[in-house]
Amino acid sequence: MRHGKTRSRLGGKADHRVAMLRNLSLGLVEHGRIKTTLPRAKKLRPFLEPIVTRLKDPTVANLRVAVATLNNRDAVMVIAQKIAPVMKNRPGGYLRILKLSGHRAGDAADMAERTGLHYRTVTLCTADLSFT
C-alpha cells in the first residue's frame, strides 16, 4: 500500500529527481541564480538548505556528507568557504524564490527564479528622471 507516500515526483522516478536537484543545486552554486519551473524551485529548498546548514561547521564528516549528496567537491568547497560563512548567524532560509510573470512557451509552466541570499544583484538605474 502507498499510504503516506505522497511526494511531488517532478515528472520522473526518484533517481531522476535526485539527479535533477543535484544539477539545479550545482547551477545555483555556480551562477548564484537559476531560472526554472516553480515546482522545481520549491523542491530545491529541502534539498540544498540542509547542506548549507551542515557546512556552517565544515568538519571532515560534514564535508563528506555534502560531497556524497552533491557529487561535486568543488561546489561543496565553494559552499563551505564562501556561502556558509556569510550565513553563519542566519537560522535558515538561505534561498529565495522570485515568481516570474511569464509562462514557459512550450507548455505554459509557471516559471520562477531561485536565488541564494549570498547573491547580491546591483540594479543600475540609467533613466533620466528630469521632466524639464
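In which loop is Ala 108 found? In this predicted model, Ala 108 lies in the loop between β2 (95-103) and β3 (110-116), and its phi is positive, at about 60 degrees, although the residue is not a glycine. A second residue with a positive phi is Asn 71, where the angle is near 60 degrees in a residue other than glycine. Asn 71 belongs to the loop between α3 and α4, and because its relative accessibility is 54%, a value over the 50% cut-off, Asn 71 counts as exposed.

The loops that hold these residues connect parts of a chain whose secondary structure comes to four helices and three strands. When the protein chain is read along the sequence, these elements follow the pattern α-β-α-α-α-β-β. Of the 132 residues in the protein chain, 33% are buried, while the area that the chain exposes is about 9,200 Å², with carbon and sulfur atoms supplying 53% of it. Among the contacts in the protein chain with a separation of 6 or more, 56% are accounted for by residues 24 or more positions apart.

The interior may be considered next. In soluble globular proteins, nonpolar side chains tend to be buried together. In the present model the largest nonpolar core has 25 residues, and those that touch the most other members are Ile 51, Leu 55 and Ile 79. The elements that give two or more residues to this core are α1, α2, α3 (60-70) and α4, and the element that gives the most is α4, with six residues. The surroundings of one of these core members can be described in detail: when neighbours within four places in sequence are left aside, Leu 55 is in contact with Asn 62, Leu 63, Ala 66, Val 76, Ile 79, Ala 80 and Ala 84.

Asn 62, which appears among the contacts of Leu 55, is itself found in helix α3. At 12% relative accessibility, a value under the 20% cut-off, Asn 62 therefore counts as buried. Its contacts, with neighbours within four places in sequence again left aside, are Arg 54, Leu 55 and Asp 57. The C-alpha atoms of Asn 62 and Ile 51 are separated by 8.5 Å, the two residues being 11 residues apart along the chain.

Another buried position is provided by Leu 44, which is found in helix α2 and which counts as buried because its relative accessible area is 1%. Not counting residues up to four places away in sequence, Leu 44 touches Leu 21, Leu 24, Ser 25, Leu 28, Ile 34, Leu 95 and Arg 114. Leu 44 and Met 20 are 24 residues apart in sequence, and from C-alpha to C-alpha they are 9.5 Å apart in space.

Two threonines in strands are also buried. Thr 36 is found in strand β1 (residues 33-37), and since its relative accessibility is 6%, Thr 36 counts as buried. Its contacts, leaving aside neighbours within four places in sequence, are with Leu 24, Ala 41, Asp 110, Met 111 and Ala 112. Thr 115 has its place in strand β3 and counts as buried because its relative accessibility is 5%. With residues up to four places away in sequence not counted, Thr 115 touches Leu 28, Gly 32, Arg 33, Tyr 94, Leu 95 and Arg 96.

Finally, the empty space inside the model was examined. The structure holds one cavity of 30 Å³ or more, and the largest cavity has a volume of about 80 Å³. The residues that line the largest cavity are Leu 28, Val 29, Leu 48, Val 52, Ile 79, Ile 83, Met 87, Tyr 94, Leu 95, Gly 116 and His 118. By class, this lining has nine nonpolar and two polar residues, and no charged residues are found in it. At least two residues of the lining are supplied by each of α1 (14-31), α2 (38-54) and α4 (73-86). Several lining residues recur in the descriptions above: Leu 28 and Leu 95 line the largest cavity and are touched by Leu 44 as well as by Thr 115, while Ile 79, which is also part of the lining, is one of the residues that touch the most other members of the largest nonpolar core.

How values were computed: Residues are numbered from 1 along each chain as its sequence is written. This is a predicted model: local features need pLDDT of at least 70, side-chain atom pairs count only at pLDDT 80 or more; totals for chains, interfaces and linings use all residues. Side-chain values use heavy atoms; hydrogens and water are left out. On a 1 Å grid over the protein atoms alone, a cavity is a set of points where a 1.4 Å probe fits but cannot get out, and a pocket is an open set with protein on both sides within 12 Å along at least five of seven lines; lining residues have an atom within 4 Å of a point. Grid points are joined across faces, edges and corners, and a volume is the space filled by probe spheres set on the points. Ala, Val, Leu, Ile, Met, Phe, Trp, Tyr, Cys and Pro count as nonpolar, Asp, Glu, Lys and Arg as charged, and the others, Gly among them, as polar. A nonpolar core is a set of buried Ala, Val, Leu, Ile, Met, Phe, Trp, Tyr and Cys residues joined through side-chain atoms within 4.5 Å. Buried means under 20% relative accessible area, exposed over 50%, partly exposed in between (1.4 Å probe, protein chains only). Contact means heavy atoms within 4.5 Å. Accessible areas come from the Shrake-Rupley method with a 1.4 Å probe; for residues, only the protein chains shown count as cover.
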